[in-house]
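Biologist: Can you put the model up and take me through the pocket and a few residues?
Modeller: Here are the sequence and structure.

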Amino acid sequence: RIGYFRQDVGDMRGRSVLAETIAGAGEVAALGEELATLEHKMATGEDLERTVERFGEVQARYQELGGYEVEARAHTILNGLGLSPDQVAGDVGKLSGGWKMRVALAQLLLLAPDALLLDEPTNYLDIESILWLEGFLRDYPGSVVMTCHDRDVMNRVVGKIVEIDGGDITTYSGNYDFYEKQRALAEQQAEAQYARQQAMLAKEMRFIERFKAQAAKAAQVQSR
């Protein structure tokens with residue numbers, strides 16, 4: 001499973017922040033809604049035998065996916081991202097765009113996919129929320145791939161930098177500071193190699209210019 005956090009959150013309205021967050025939890029969210037429907041049907045006695053059988057199947061899968069902990073996890077994530085209890089209980093449609101971005105990020109973190117693709121995840125976050133997110137990402141059991149403009153976050157979270165330059169891709173194992181040092185070292189080595197190459201070419205050109213008119217040296221000049 002791949003989760004993608006982008007800068008466009010789409011339309012959010014008509015549900016509480018908590019409900020909106022849980023709705024993004026994938027299969028477990030759908031199972032939770034089905035359980036609520038089945039509970040209502042059992043209470044009314046509608047098609048009881050079949051409803052009870054289906055309830056048992058859904059409940060087993062819901063429990064397997066950690067459904068009974070999902071609300072507590074959602075509260076933890078929303079709190080970590082800086083949403084107050086009143087906001088969590090309130091209508092998501094009343095939030096500003098920046099706060100909706102936090103809800104969208106909470107949905108993705110609650111989903112807990114195998115790979116997280118994050119486009120500027122620290123946008124709209126205050127320092128407390130950023131620090132909480134850093135801890136979450138460091139402990140995340142899956143893979144995390146992100147673009148980010150905050151070098152402090154990259155230094156504290158990432159373990160690999162991918163540089164795309166002039167059509168070439170170079171991977172550096174380490175944080176952003178390590179990447180900068182290694183890139184600077186590579187540039188120095190390239191410059192030194194270039195200087196050695198130019199010195200060698202100059203030496204060869206001097207030989208050619210000196211002996212190009214001598215028949216005895218013609219073969220050597222041609223070779224050079």
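**The pocket and some residues**

Modeller: By class, the lining of the largest pocket has 11 nonpolar, 3 polar and 1 charged residues. Keep in mind that this is a predicted model.

Biologist: How much space lies in the largest pocket?

Modeller: About 410 Å³. The lining is made up of 15 residues, and V144, V145, M146, V158 and K160 are the closest to the centre of the pocket.

Biologist: Which elements give two or more residues to the lining?

Modeller: Those are β3 (143-147), α8 (151-157) and β4 (160-165).

Biologist: And which one of them has the largest share?

Modeller: That is β3, with 4 residues.

Biologist: Switching to the surface. Which residues form the nonpolar patch there?

Modeller: I2, Y4, L117 and V145. Together they have about 400 Å² of accessible area. V145 is also among the residues closest to the centre of the largest pocket.

Biologist: Where does Y4 lie?

Modeller: In strand β1, which covers residues 2-5.

Biologist: Why does Y4 count as partly exposed?

Modeller: Because its relative accessibility is 47%, and partly exposed runs from 20% to 50%.

Biologist: Next, Q107. Buried or exposed?

Modeller: Q107 is buried, because its relative accessible area is 16% and the cut-off for buried is under 20%. Q107 is found in helix α6, residues 97-111.

Biologist: What separates the C-alpha atoms of Q107 and L131?

Modeller: A distance of 18 Å, with the two residues 24 apart along the chain.

Biologist: Now backbone angles. Which residue in the loop between α6 and β2 should I look at?

Modeller: A112 is found in that loop, ahead of β2 (115-119). Phi of A112 is near 55°, a positive value, and the residue is not a glycine.

Biologist: Why mention the sign?

Modeller: Because most residues other than glycine have a negative phi.

Biologist: What about Y124, what is its phi?

Modeller: About 75°, so again a positive phi in a residue that is not a glycine. Y124 lies in the loop between β2 and α7 (127-139).

Biologist: How do A112 and Y124 count for exposure?

Modeller: A112 counts as partly exposed because its relative accessibility is 30%. Y124 is at 49% and therefore counts as partly exposed, since exposed means over 50%.

Note on methods: Residues numbered from 1 in each chain as written. Predicted model: local features only at pLDDT ≥ 70, side-chain atom pairs only at ≥ 80, totals over all residues. Heavy atoms only, no water. 1 Å grid on protein atoms, 1.4 Å probe; cavity = no way out; pocket = protein on both sides within 12 Å on 5 of 7 lines; lining within 4 Å. Points joined across faces, edges and corners; volume = space filled by probe spheres on them. Nonpolar A, V, L, I, M, F, W, Y, C, P; charged D, E, K, R; others polar. Patch = residues over 30% accessible without salt bridge, like charges linked within 9 Å, V, L, I, M, F, W, Y side chains within 5 Å. Areas by Shrake-Rupley, 256 points an atom, 1.4 Å probe, with all protein chains shown as cover. Salt bridge = Lys/Arg side-chain N within 4 Å of Asp/Glu carboxyl O. Buried < 20%, exposed > 50% of the residue type's maximum accessible area, 1.4 Å probe, protein only.
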